[in-house]
Amino acid sequence: AAECWEEAGETERAVQLLLEHADCGTAARMLWERGRYREALDCYRRWLPLAEKNDVESAVRAHLGMAACQHRLDEKPDRGKENYRRARALIDSEELSGYVEGQCWRALGEYGRRVGRWDVIHLSYERALQRLASHRREMPRVLREYLRAAEGNRLLEQRLREQLAEFETETKPNKPRGEALKAAAGRIGPPRRLEVSG
């Protein structure tokens, strides 16, 4: 329902609905995308205690969201740095599965894109790709995000496009071509005449 309100341009109603259902993370993202950084920061602050209880990935995203908002608002930079350090500490200290660690690095890459830090973008997305290598369905999504973040770096864009094309080719069903198609056509018998008794 919140997505419908968002598409209709009713951001206030969408955010209100999300907050009523304790989905502060989605509300924060929605507000961030509209440049409403102070309100997004409030949502990330509300989300953090819930995220810390539930899972590491959510806690990392909440800390990084707060850090990005504080960076954009350009106030109290030490708080933004502290949130960034806490997110990094969670990634580095926890014994995470490869999938969760990959998602955390992916969140860090998104943070790098939000604040314009190429060093963070590159390191984070490369690590995300390494950790998620065995999760074939996630790879195209991560590559697309990395490609958006790498805009302007032509060599990297070309490499990412090639990798993405490989994944997309792998996931498409194989269609018979050439000789295989002729052989299949040869197995089809002549059309049968349907007789109707009357």
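In this protein, residues 24 or more positions apart account for 46% of the contacts with a separation of 6 or more. The model is a predicted one, and its secondary structure comes to 11 helices and zero strands. Of the 198 residues, 39% count as buried. Here is a friendly tour, starting with the overall picture and then moving to helices α6 and α8, the aromatic rings and a few individual residues.

**Overall picture**

- Read along the sequence, the pattern is α-α-α-α-α-α-α-α-α-α-α.
- The protein exposes about 12900 Å², and carbon and sulfur atoms supply 48% of that area.

**Helix α6**

- Helix α6 covers residues 77-93, which is 17 residues. At 1.5 Å a residue, these should span 24 Å, and the end C-alpha atoms are indeed 24 Å apart, so expectation and model agree.
- The buried residues of α6 are G80, N83, Y84, A87, R88, L90 and I91. They cover an arc of only 155° around the axis, and therefore lie on the same side of α6.
- A general point about helices helps in reading that list: an α-helix has 3.6 residues a turn, so residues three or four places apart point the same way.
- What do the buried residues of α6 pack against? Their partners are α5 (56-73), α7 (98-115) and α8 (118-131).
- Turned away from this buried side is a face that carries the exposed residues D78, D92 and S93.

**Helix α8**

- Helix α8, one of the packing partners of α6, has 14 residues, which should span 20 Å at 1.5 Å a residue. Its end C-alpha atoms are 20 Å apart, in agreement with that expectation.
- V120, I121, S124, Y125, E126, A128 and L129 are the buried residues of α8.
- Is S124 of helix α8 buried or exposed? With a relative accessibility of 0%, S124 counts as buried, because the cut-off for buried is under 20%.
- Not counting residues up to four places away in sequence, S124 touches W105, L108 and G109.

**Aromatic rings and the charges over them**

- How many aromatic pairs does the structure hold? There are four.
- Among them is the pair of Y44 and W47, which is tilted, with 6.3 Å centre to centre and 35° between the planes.
- Y44 and W47 both lie in helix α4 (residues 37-54). They are three residues apart, about one turn of the helix, and both are buried.
- The charged end of R114 sits over the ring of W32, at 4.3 Å from its centre.
- R117 lies over the face of Y84, where the distance to the ring centre is 5.8 Å. Y84 is one of the buried residues of α6.

**R117, between α7 and α8**

- R117 is found in the loop between α7 and α8. Its relative accessible area of 32% makes R117 partly exposed, since that class lies between the 20% limit for buried and the 50% limit for exposed.
- Leaving aside neighbours within four places in sequence, R117 is in contact with Y84 and G112. The contact with Y84 goes together with the placement of R117 over the face of that ring.
- The C-alpha atoms of R117 and A149 are separated by 9.9 Å, although these residues are 32 residues apart along the chain.

**V100 and H135**

- V100 is found in helix α7. With a relative accessible area of 26%, V100 is partly exposed.
- V100 and V56 are 44 residues apart along the chain, and their C-alpha atoms are separated by 8.0 Å. For orientation, α7 spans residues 98-115 and α5 spans residues 56-73.
- Where does H135 lie? H135 lies in the loop between α8 and α9 (139-149).
- H135 has a relative accessible area of 30%, so this residue is partly exposed.
- The C-alpha atoms of H135 and Y99 are separated by 7.6 Å, with their positions 36 residues apart along the chain counted as separation.

Methods: Residues numbered from 1 in each chain as written. Predicted model: local features only at pLDDT ≥ 70, side-chain atom pairs only at ≥ 80, totals over all residues. Heavy atoms only, no water. Helix = DSSP H or I, 4+ residues; strand = E, 2+ residues; numbered from the N terminus. Expected span 1.5 Å × (residues − 1). Buried < 20%, exposed > 50% of the residue type's maximum accessible area, 1.4 Å probe, protein only. Arc of directions from axis to C-beta. Contact = heavy atoms within 4.5 Å. Areas by Shrake-Rupley, 256 points an atom, 1.4 Å probe, with all protein chains shown as cover. Phe/Tyr/Trp six-rings, centres within 6.5 Å; stacked < 30°, edge-to-face > 60°. Lys NZ or Arg CZ within 6 Å of the ring centre and 35° of its normal.
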